[in-house]
Amino acid sequence: MAQGSGDQRAVGIADPEESSPNMIVYCKIEDIITKMQDDKTGGVPIRTVKSFLSKIPSVVTGTDIVQWLMKNLSIEDPVEAIHLGSLIAAQGYIFPISDHVLTMKDDGTFYRFQAPYFWPSNCWEPENTDYAIYLCKRTMQNKARLELADYEAENLARLQRAFARKWEFIFMQAEAQVKIDRKKDKTERKILDSQERAFWDVHRPV
């Protein structure tokens, strides 16, 4: 993996107990994920797919992931590989781009790898204010793919009531993040948007 990714992983680590059960699991999963993305050693093919009037960047199919797991981890039963893939997805390392169901399907469903910055090993403990800023930011972005789902709109309304006195601060934080995001490349922004949304699918604190 690129050096930049390694540096990024270091951000936010708060003296984790590397021998803890969770951290041991995370390290094993991250070793698999790193190898899965290494095209020099036979990783999963990551591609940009043409869709109607648009392109879908940096995706892999569920079938590709399942086949890779079977081949590289010596798994004979596809059901076992699908189960392992679902466990990895449930921890937020891989996510489907078309819905928010964190399971693995052995078909043409498109998945994307989560950015190392959002990996669980970074000991993320997101707070409701972080989630409020994220949802508020989504309302400022005029993109159909970023429209709030019903449960997100309900959570935003609940958070707005809970943080009524500091909502101006939350709004300003969201506004500042939107300005930074708009300076990024369109494709990069689309990928990062999906990765951030997937992070909150796993770590939603409300």
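Analyst: A salt bridge is counted where a side-chain nitrogen of Lys or Arg lies within 4 Å of a carboxyl oxygen of Asp or Glu. The model discussed here is a predicted one, and by this rule it holds seven salt bridges.

User: What makes Lys184 and Asp181 a salt bridge?

Analyst: The N to O distance between the side chains of Lys184 and Asp181 is 3.4 Å, and because the cut-off is 4 Å, the pair qualifies. Asp181 is buried, since its relative accessibility of 10% falls under the limit of 20%. Lys184, with a relative accessible area of 29%, is partly exposed, because that class lies between 20% and 50%. Through shared partners, salt bridges join Lys184 and Asp181 with Lys137 and Glu196 into one network.

User: How do you know that Arg138 and Glu152 form a salt bridge, and which helices hold the two residues?

Analyst: The closest N and O atoms of Arg138 and Glu152 are 2.8 Å apart, which is within the 4 Å cut-off, so the pair counts. Arg138 belongs to helix α5 and Glu152 to helix α6, so the salt bridge ties together parts that are 14 residues apart in sequence. Both Arg138 and Glu152 are buried.

User: Why is Asp64 called buried, and Arg47 partly exposed?

Analyst: Asp64 has a relative accessibility of 18%, and because buried means under 20%, Asp64 falls in that class. For Arg47 the value is 34%, which lies between 20% and 50%, so the term is partly exposed. These two residues also form a salt bridge, with their closest N and O atoms 3.4 Å apart. As Asp64 lies in helix α3 (residues 62–72) and Arg47 in strand β1 (residues 47–51), the pair ties together parts that are 17 residues apart in sequence.

User: Why is the pair of Tyr131 and Tyr134 called stacked?

Analyst: A search of the whole structure finds seven aromatic pairs. In the pair of Tyr131 and Tyr134 the ring centres are 6.4 Å apart and the planes stand at 15°; because pairing asks for centres within 6.5 Å and stacking for planes under 30 degrees apart, both conditions are met. The two residues are three apart in helix α5 (residues 128–140), which means that about one helical turn separates them. Tyr131 is buried, with a relative accessible area of 1%, and Tyr134 is buried as well, at 3%.

User: How do you know that Tyr134 and Trp200 are stacked?

Analyst: Their ring centres are 5.9 Å apart and their planes are at 25°, so the distance is within 6.5 Å and the angle under 30 degrees. Tyr134 is in helix α5 and Trp200 in helix α8 (residues 186–203), so this pair ties together parts that are 66 residues apart in sequence. Trp200 is buried, with a relative accessible area of 7%. Tyr131, Tyr134 and Trp200 are among the members of one aromatic cluster, which also includes Tyr117, Phe118 and Phe199.

User: How do you know that the span of helix α6 agrees with its number of residues?

Analyst: Helix α6 (residues 150–162) has 13 residues and at 1.5 Å a residue should span 18 Å, and because its end C-alpha atoms are 18 Å apart, the two values agree. The expected value follows from multiplying 1.5 Å by one less than the number of residues.

User: Which residues of α6 are buried, and what makes it right to place them on one side of the helix?

Analyst: The buried residues of α6 are Glu152, Asn155, Leu156 and Leu159. They cover an arc of only 105° around the axis, which puts them on the same side of α6. These buried residues pack against α5, α7 (167–181) and α8, while the face turned away from the buried side carries the exposed residues Asp150 and Arg161.

User: What is the secondary structure of the protein as a whole, and how much of the protein counts as buried?

Analyst: The protein has eight helices and four strands, which follow the pattern α-α-β-β-α-α-β-β-α-α-α-α along the sequence. Of its 206 residues, 40% count as buried. The protein exposes about 12100 Å², of which carbon and sulfur atoms supply 51%. Among contacts between residues at least 6 apart in sequence, 63% join residues at least 24 apart.

Terms used: Residues numbered from 1 in each chain as written. Predicted model: local features only at pLDDT ≥ 70, side-chain atom pairs only at ≥ 80, totals over all residues. Heavy atoms only, no water. Phe/Tyr/Trp six-rings, centres within 6.5 Å; stacked < 30°, edge-to-face > 60°. Buried < 20%, exposed > 50% of the residue type's maximum accessible area, 1.4 Å probe, protein only. Arc of directions from axis to C-beta. Contact = heavy atoms within 4.5 Å. Areas by Shrake-Rupley, 256 points an atom, 1.4 Å probe, with all protein chains shown as cover.
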